[in-house]
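The following note sets out points for a colleague who is reading the model alongside its sequence. It takes the sheets in turn, then the ligand site and some individual residues.

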Amino acid sequence: MRIYREKDYTALSRRAANLISAEIIRKPDSVLGLATGGTPVGTYSQLIEWNQKGDFSFAEVKTVNLDEYQGLLPEHPQSYRCFMQEKFFDHIDIKKENTFVPNGEAEDMEAECARYDELVRSLGYADLQLLGLGRNGHIGFNEPSDFFHKETHLVDLTESTIEANARFFGEGESVPRRAITMGVGCIMAARRIVMVVSGANKAEAVRDALLGAITPRCPASILQLHNDVVLVGDEEALAYV
Ligand code: F6R
């Protein structure tokens with residue numbers, strides 16, 4: 001695993017954006033696995049700036065997102081589809097039909113999970129998968145569990161994740177308790193994984209993921225078995241590694 005220790009959030013966002021743009025320049029029709037949450041927002045902003053300057057193009061890029069809340073329409077302001085449009089896709093030259101997010105509104109969730117796995121497989125898996133890290137060690141919404149979930153699946157979010165996500169919802173708005181997430185099978189099938197971490201409240205999860213036992217109790221620990229993981233963090237998040 002390669003670690004980039006950056007001085008602050010701006011620097012780590014720039015570094016992650018640099019790795020992603022290098023991938024697109026190397027392979028203009030790259031498949032990018034993307035994450036939501038707060039940490040990648042700076043990375044997306046930096047990519048938007050460089051794309052608008054004309055440094056590289058997303059015209060042939062395809063994207064697959066990790067997860068989506070169950071029960072939120074794509075137009076719902078807190079849906080991950082909406083998040084991706086607002087924070088990234090609406091500002092770059094990507095074709096909307098080349099961007100994929102699980103359908104949290106599907107009537108038959110089992111069929112939707114199977115469809116999403118097949119979609120990611122048919123795209124040849126991600127050339128580069130961008131990940132954040134939950135304070136409880138989750139990746140995507142693969143929450144701590146007794147075993148690793150290989151396939152895309154519906155998950156009951158833990159209380160700590162619901163609490164962490166509440167900051168994106170207005171007062172009185174209920175935070176979804178279930179989500180559909182890519183399993184660790186698709187994540188580990190990515191050729192390169194770039195994980196972004198920021199802030200002291202991630203330091204223990206980073207330590208457990210990198211230096212602890214490989215266990216589904218800390219889902220990110222499975223990344224120790226991947227041969228091309230790049231961790232990009234600020235000094236606070238990397239305090240123990
Ligand atoms: C979101 C996702 C989650 C987040 C994680 C960290 O698509 O997959 O695993 O990456 O919850 O979120 P932030 O960056 O908000 O701390």
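Two strands are taken to pair if DSSP finds at least two bridges between them. The points below rest on a predicted model.

1. The smaller topic first: one open sheet consists of three strands in the order β4-β8-β7, and their pairing is antiparallel. Its edge strands are β4 (67–69) and β7 (153–156), each of which pairs on one side only. From one strand to the next, the twist averages 25°.

2. Within that sheet, four bridges link β7 to strand β8 (residues 178–181) in the antiparallel sense. Two of the opposed positions can be named: H153 stands opposite T181 in β8, and V155 has A179 of β8 as its bridge partner. H153 and V155 also make up the covered face of β7, whereas L154 and D156 make up the uncovered one.

3. A further open sheet has seven strands, in the order β1-β10-β9-β6-β2-β3-β5, with parallel pairing. β1 (2–6) and β5 (99–100) stand at its edges with a single partner strand each, so one side of each has no neighbour in the sheet. As general background, the strands of a sheet pair through backbone hydrogen bonds, either parallel or antiparallel.

4. Which residues of β2 are buried on its two faces? V31 and G33 are buried on one side, and L32 and L34 are buried on the other, which leaves both faces of the strand covered. β2 runs parallel to strand β3 (residues 62–65), and four bridges join the two. One of the paired positions is L34, whose bridge partner in β3 is N65.

5. Elsewhere in the seven-stranded sheet, strand β9 (residues 192–197) pairs with β10 in the parallel sense over five bridges. Here M195 stands opposite L231 in β10. M195 appears again in point 9, among the contacts of A220.

6. At the β5 edge, T99 is found within the strand itself. T99 counts as buried because its relative accessibility is 4%, and the cut-off for burial is under 20%. Its side chain reaches the backbone oxygen of K96 at 2.7 Å. Leaving out residues up to four places away in sequence, T99 touches T63, R81, Q85, F89 and I94.

7. The ligand site deserves inspection. Around the ligand there are 14 residues, of which G38, T39, H138, G140 and K202 come nearest. Three side chains place an N or O atom by a ligand oxygen atom: T39 at 2.4 Å, H138 at 2.7 Å, and T36, through a polar side-chain atom, at 2.8 Å. The ligand taken alone exposes 410 Å², and the protein buries 92% of that.

8. T39 merits a separate remark. This residue lies in the loop between β2 (31–34) and α2 (41–53). With a relative accessibility of 13%, T39 counts as buried. Not counting residues up to four places away in sequence, T39 touches Y9, V196, V197, S198 and K202. K202 is also one of the residues that come nearest to the ligand.

9. Is A220 buried or exposed? It is buried, because its relative accessible area is 1%. The residue is placed in the loop between α7 (203–211) and β10 (229–234). Its contacts, leaving aside neighbours within four places in sequence, are L133, G137, I139, M195 and A209. As for its separation from P77, the two residues are 143 apart in sequence, and their C-alpha atoms are 28 Å apart in space.

10. A final point concerns backbone geometry. Y125 has a phi near 65°, a positive value in a residue other than glycine. Y125 lies in the loop between α4 (109–122) and β6 (128–131). Its relative accessible area is 26%, and Y125 is therefore classed as partly exposed.

Key
Residues numbered from 1 in each chain as written. Predicted model: local features only at pLDDT ≥ 70, side-chain atom pairs only at ≥ 80, totals over all residues. Heavy atoms only, no water. Axes fitted to C-alpha atoms, helices over the stretch in contact; angles between N-to-C directions. Buried < 20%, exposed > 50% of the residue type's maximum accessible area, 1.4 Å probe, protein only. Contact = heavy atoms within 4.5 Å. Near = heavy atom within 4 Å. Polar contact = N/O pair within 3.5 Å; in protein donor to acceptor, adjacent residues only side chain to side chain. Areas by Shrake-Rupley, 256 points an atom, 1.4 Å probe, with all protein chains shown as cover.
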